[in-house]
Amino acid sequence: MKVDTVSCGAVSILMPRGALITDEVPDFQGEVQSASQAMGGRVVIDMSGIPYLDSAGIQAVLSLYTEPNRTPFRPKLASLTETCRDALDLTNLISRLEVFDTVENAVRSYNP
Amino acid sequence: MWTADSLRGRRTIHVIGSLLPLIGCILATAWAGDMLVRTVLIAVGVGTSATIGLAVHMRNDVRVGKRETSTLVEIPTRTDVRDDRVLHRMLDEFLNWLAQRDEDHLWAGFDQLLREMVAEHLEGTPVRCYHVVPGEEELRSLAQATASVTTSKKRLLGGVASRVVESGDEYVADASRDGARDAQRDGSSEERFDWVWPIRRHDKTIGLVMVGELSGAVVREPDLRRAVVTLVQLMWEHVAALEALRVARRTDRSSGVLNRGDFFSVALNVLDHAYRTGEPVVIATLTLEGLRALDDYGMWQDRDALIAEVGATLARRLRSDDRVGRFSDDRFVVLLRRLDGDLGSLIVGKILTAAETYIVETFGAHGPVGIRAGLAVSGKEQPALDTLLDRAFAAAKTARERGKRLQCHDQAIAEEVGHES
């Protein structure tokens, strides 16, 4: 999985490209973890480049919020595609995640 | 705005409610022997709540029809032979397009036709055509409307588009400032538009046509623009009626979902696209058990209501790019895109729960009717549709044998292997 990274002040914006499925989960998790450690957890994942995810992908996203937190902040999700949003809705997980309509809103949420 | 008095001495085009559909007659006559077109034209008239008549008024305010019955717009036009030629050519091209239309891509074809007509006859380019969906913040491209495999191509509703949709009035760039017209930017993009007009139905905007750069001559010709708008409005309604007929033909009457033949044709397209892009697909079969018992007890109405309810549940619960068809009297087939077996099982499980709730409420917890599902997953193997269907039916059979409500083909095999070892 190709993941582009852009810094926006104290926040790192990750832009993964491609489906978040079993084979791609390790790459995704690795990128998020390293960005998260570097930025103290201030990471926004721009999901607009992820056309769909499978159950392993959902598990990977969920683990961002359920695994022990070693940083002061948690990553935030932005710009989910319709299919990804449907999948998270169906699994009743979307309420457990921090999801924003736009990357800008997600970045802003770190600086209230 | 203009009044009836202001029209005196002009040649006018009237769109008159409750009159004979002259344009319908023209089209129907031109398309000799095609009953479908006649039916569609009548449907267009009915669909717009009045029989639409297009009467071309000749000089000196000679009127066709009663003034009191006019319910739609009244459009003045200049006595310009060029205008007539433009309208005539557009109508001719529309008739030719109708004769060769691709039933599966009606809106996409109409989109292309419209763009070509505006570019050629009005020197307007680029042209963007959209459906306006009530309550949605986005406009939907016509080109994507009937594609069997859709990719999202939408425009945010904002700026000049938003104003035209809400007001129902056209927007035209300021023609007085020749050479530097005051074209408006669309709120959601950097595109500028000289001309934006709405397609209206029952006082609501259902479509939008946006023209980037328009010939200065046309900008200064309100009568020609209004005539074109009216003509395109009629064409639009005609295409909408054709699309409604197409959908009606493909739909199973009892359940409201695709009939078997059309499900296969749609599903093959979706599967082909999914395999080319490497997307996973799940096929699920839902089997209603005990329908024969309802027949035997004379509960035909309950039986039909059950089938209608399952069809409605499927339509309600599935996502927009999933496909569902009625395979046989008691079996439904569902194609779920971009899902693996686990997520597919979750969706189908929720559908089963909804259907079971209805069954229990109607026939009781221990009634004669039940519902079961079998799933097959494409995975990396990418099997043919027939193979996936066979596997899904086999899984449903296994579910029945094991007293389960839902069974995935892969799991069934894994369990069998585990059992044998």
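Student: Where in chain B does pLDDT stay under 50, and how many contacts beyond four places in sequence does the model have there?

Tutor: pLDDT is the predictor's confidence in each residue, from 0 to 100. This is a predicted model, and residues 1–22 of chain B stay under 50 throughout, with 80 contacts beyond four places in sequence. Residues 146–152 of chain B are also below 50, and that stretch has 17 contacts beyond near neighbours in sequence.

Student: Which strands mark the lowest and highest confidence in chain B?

Tutor: The lowest is strand 2 (residues 53–56) of chain B, with a mean of 35, and the highest is strand 15 (residues 370–377) of chain B, at 95. The average pLDDT of chain B is 76, and 71% of its residues score at least 70. For the complex, the predictor gives an ipTM of 0.74 and a pTM of 0.60.

Student: How many residues are in contact between chain A and chain B?

Tutor: Contact means heavy atoms within 4.5 Å. Here 15 residues of chain A touch 14 residues of chain B. About 1100 Å² is buried between the two chains, 57% of it from carbon and sulfur atoms. On the chain A side, Tyr52(A), Ser55(A) and Leu90(A) lose the most area, together 49% of what that side buries.

Student: Which side chains form a salt bridge?

Tutor: The rule finds one salt bridge across this interface. Lys380(B) meets Asp23(A) at 3.1 Å, N to O. Polar contacts link six residue pairs between the chains, both residues at pLDDT 80 or more.

Student: Which element of chain A gives the most residues to the side that touches chain B?

Tutor: Helix 3 of chain A does, with five residues. The residues on that side of chain A comprise seven nonpolar, four polar and four charged.

Note on methods. Residues are numbered from 1 along each chain as its sequence is written. Chains are lettered from A and ligands numbered from 1 in the order in which they are written. Side-chain values use heavy atoms; hydrogens and water are left out. Buried area is the accessible area (1.4 Å probe) that two parts lose on being put together, summed over both. A salt bridge is a side-chain nitrogen of Lys or Arg within 4 Å of a carboxyl oxygen of Asp or Glu. A polar contact is a pair of N or O atoms within 3.5 Å; within protein, one must be able to donate a hydrogen and the other to accept it, and residues adjacent in sequence count only if both atoms are side-chain atoms. Helices (H or I, at least four residues) and strands (E, at least two) are DSSP runs, numbered from the N terminus. Ala, Val, Leu, Ile, Met, Phe, Trp, Tyr, Cys and Pro count as nonpolar, Asp, Glu, Lys and Arg as charged, and the others, Gly among them, as polar.
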